Structure formats: structure tokens, C-alpha cells
Amino acid sequence: MMQTKSKVAALLAIALSVSGAYAHAEEDFVGWLLNFQRQKNVRPVTDKQYQEECGGCHFAYQPGLLPAKSWEVLLNANALRKHFGVNAELDDDTLKVIHDYAVDNAADKSWYKRSRKIAVATEEGPAPLRITELRYISLKHHDIPEKMIKGNKGVKSLSFCDKCHTQAAKGVYDADTVDIPNYPNWDGWFNK
Ligand code: HEC
Ligand code: HEC
């Protein structure tokens, strides 16, 4: 009995000593618990600098849409100079804030359902560099005809999530919040 108790105490001590490192995950867990949409959401962006610097050319993707290993590859000075064919360079201080925010809130550190799915699916293998290339995401959009995406002036690329997902900024990607520009009756056009 004594032995079990001291084992528990030792485990607790270990848990407490590492919990500082997981403070962020705990905060995310509480946010997730209190969020009624937790079954479907990814955590909305809360960092002002990330929102501003990464929301200029496209909508600011929630860090929970990619695993930490992807943000590590994407968010360094060299990679940002050649960011998908454009220069998205940042000064060192800003880069550090944005890098740390993205890594701390990555899919594999989040409790939100879609992030969990992305985390599990990307656990093995190389770091994916695009959200649109994740199997989970590409399968969800498989049936949408090209004319509604690339051929659609109001969208242009599947990368522009917020053109169709009206609540993307809140981290909501449910099919019933989709509105494809120029195709008001989109859900009659292809099979689900
Ligand atoms: C100067 C413009 C610019 C800035 C600033 C910028 N990006 Fe991008 N980003 C792009 C372009 C262009 C693409 C490719 C879009 C496409 O293929 O249609 C892209 C694509 C991406 C993708 C892949 C999207 C997909 O297809 O799944 C991610 C992830 C991304 N950016 C993250 C970021 C982050 C994080 C920041 C902030 C550090 C950032 N971007 C800042 C221009 C920019
Ligand atoms: C051309 C418009 C369009 C763009 C751009 C788009 N989506 Fe979608 N998305 C849809 C449609 C339509 C569906 C629902 C498909 C269906 O019902 O079969 C969907 C479904 C989804 C789903 C599954 C929803 C559910 O309830 O199962 C997720 C997650 C998602 N999209 C995420 C994204 C992300 C992340 C991006 C950007 C990287 C993105 N989408 C870009 C149109 C779009």
C-alpha cells in the first residue's frame, strides 16, 4: 500500500515538474472544453501579430491546421523568403513570436476535433507544407468541380478557405457554413 502511494506521489511530482511546459496545452484544453463547437472547430487565431503578418496575402490559417513539424519547416527566415513563390520575410523578433505561436498551437498540440484528425494523419512521414495537400482536407474537397475553384473568379484556389467557408476565421469549417461564390446552389451540383 505504502509503495503504491509513494509511486503515485512520484508520478505526481513528475507531472507537476513538466506541467510548466504544457501550460499552453492545458489552456487550449480548457478553451476546448468551454467551446460548444469543440466537436468541429479548430482553435481560432488569438495572436494579433500572427493575424496581421500572416493574414495579409491570404486568410490567417489557424496553426491547428498543420502539425508542429510543418510550421518548423515553413516558419524560418530562409523558407519565408521563398514562401510558395513569394517573399514573406519577417524581422527576427516578429518571426520568433509567430513561429512560437504556430508551434505551440499546432494540430498535434490541440484538442479540437479537426486538429486531432490532422495530427493523427500526419504523425508518420514527412512534414506536409500545405493544408490543401493533407489527405483529410483533399478528400473533403474531392468532389468539387474545378470550375468552382480555379475556374471561379471569386475563389481562384482551394488555399483561400475563407472564400467558401464563411466562418473560417472562427475556425468553423462545417459543410453547412459553406457558400461558394457564384454558385449559390453548389450543393445541388455534386454528390456528397
Ligand atoms: C506576401 C504574401 C504572403 C504572406 C505575407 C504570407 N503568405 Fe502564406 N502564402 C502565400 C501564397 C501566394 C501562397 C500560395 C497560395 C496558393 O497556392 O494558392 C501561400 C500559402 C500558404 C500556405 C499553404 C496553403 C495551402 O495551400 O494549404 C500556408 C500554410 C501559409 N501560406 C502560411 C503562411 C503563414 C503562417 C504566414 C505568416 C508568416 C504567411 N503564410 C504569410 C503568400 C503569403
Ligand atoms: C471552393 C470552395 C472551398 C474552398 C476554397 C475550401 N473549401 Fe472546404 N469545403 C467546401 C465544400 C463545398 C465542402 C463540403 C463538401 C461536401 O459537402 O461534400 C467543404 C468541406 C470542408 C471540410 C469538412 C466539413 C465537414 O463538415 O465535414 C473541411 C474541414 C474543410 N472544408 C476545410 C477547408 C480548409 C481548411 C480550406 C482551406 C485550406 C478549405 N476547406 C477550402 C468548399 C471549399
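Which protein donors hold on to the iron atom of ligand 1? The first legend answers that, and the views after it carry on from there. Keep in mind that this is a predicted model.

**View 1. The iron atom of ligand 1 and its two histidines.** Here you are looking at His 58 and His 83, the protein donors of this iron, and each uses its NE2 atom at 2.0 Å from the metal. Count up the donor atoms around the iron of ligand 1 and you get 6, with angles of 87 to 179° among them, so the site is octahedral by the rule that opposite donors are over 155 degrees apart and all others between 65 and 115. For six octahedral donors, the ideal angles are 90 or 180 degrees.

**View 2. Where the two histidines of ligand 1 sit in the chain.** Follow the chain around the iron of ligand 1 and you find His 58 in the loop between H3 and helix H4 (68–74), while His 83 is in the loop between helix H5 (77–81) and helix H6 (92–104). The pair is 25 residues apart and links distant parts of the chain. Are these two residues buried or partly exposed? His 58 has a relative accessible area of 23%, so it is partly exposed. His 83 comes in at 18% relative accessibility and therefore counts as buried, since the cut-off for that is under 20%.

**View 3. The shell around ligand 1.** Zoom out a little and 19 residues surround this ligand, the closest being Cys 54, Cys 57, His 58, His 83 and Ser 159. Helix H3 (residues 48–54) gives the largest share of the shell, 3 residues. Sort the shell by class and you have 11 nonpolar, 6 polar and 2 charged residues. Some polar atoms meet here too: a side-chain N or O atom of His 83 is 2.8 Å from a nitrogen atom of ligand 1. On the backbone side, an N or O atom of Ile 131 lies 2.7 Å from an oxygen atom of the ligand, and one of Thr 132 lies 2.9 Å from an oxygen atom of ligand 1.

**View 4. The iron atom of ligand 2.** This iron has His 141 and His 165 as its protein donors, again through NE2 atoms, and they lie 1.9 Å from the metal. The site is octahedral, with 6 donor atoms and angles of 88 to 180° among them. Why does this pair tie together separate parts of the chain? His 141 lies in the loop between helix H8 (135–140) and helix H9 (161–164), and His 165 lies in the segment after H9, so the parts they join are 24 residues apart in sequence. Both His 141 and His 165 are buried.

**View 5. The shell around ligand 2.** There are 23 residues around this ligand, and Lys 140, His 141, Cys 161, Cys 164 and His 165 come nearest. Helices H8 and H9 each chip in at least two residues of the shell. By class, the shell splits into 15 nonpolar, 4 polar and 4 charged residues. Look for the side chain of Lys 140, with an N or O atom 3.0 Å from an oxygen atom of ligand 2. A polar backbone atom of Ala 175 is 3.3 Å from an oxygen atom of ligand 2.

**View 6. Arg 43 and its partner.** Arg 43 lies in the loop between helix H2 (23–34) and H3. Its side chain is joined to that of Asn 105 by a polar contact of 2.8 Å. With 16% relative accessibility, Arg 43 counts as buried.

Terms used. Residues are numbered from 1 along each chain as its sequence is written. Chains are lettered from A and ligands numbered from 1 in the order in which they are written. This is a predicted model: local features need pLDDT of at least 70, side-chain atom pairs count only at pLDDT 80 or more; totals for chains, interfaces and linings use all residues. Side-chain values use heavy atoms; hydrogens and water are left out. Donors are N, O and S atoms within 2.8 Å of the metal (3.2 Å for Na, K and Ca); water is not among the atoms, so sites may look incomplete. Four donors count as tetrahedral if all angles lie between 85 and 135 degrees; four count as square planar and six as octahedral if opposite donors are over 155 degrees apart and all others between 65 and 115; anything else is irregular. Helices (H or I, at least four residues) and strands (E, at least two) are DSSP runs, numbered from the N terminus. Buried means under 20% relative accessible area, exposed over 50%, partly exposed in between (1.4 Å probe, protein chains only). A residue is near a molecule or strand if one of its heavy atoms lies within 4 Å of it. A polar contact is a pair of N or O atoms within 3.5 Å; within protein, one must be able to donate a hydrogen and the other to accept it, and residues adjacent in sequence count only if both atoms are side-chain atoms. Ala, Val, Leu, Ile, Met, Phe, Trp, Tyr, Cys and Pro count as nonpolar, Asp, Glu, Lys and Arg as charged, and the others, Gly among them, as polar.
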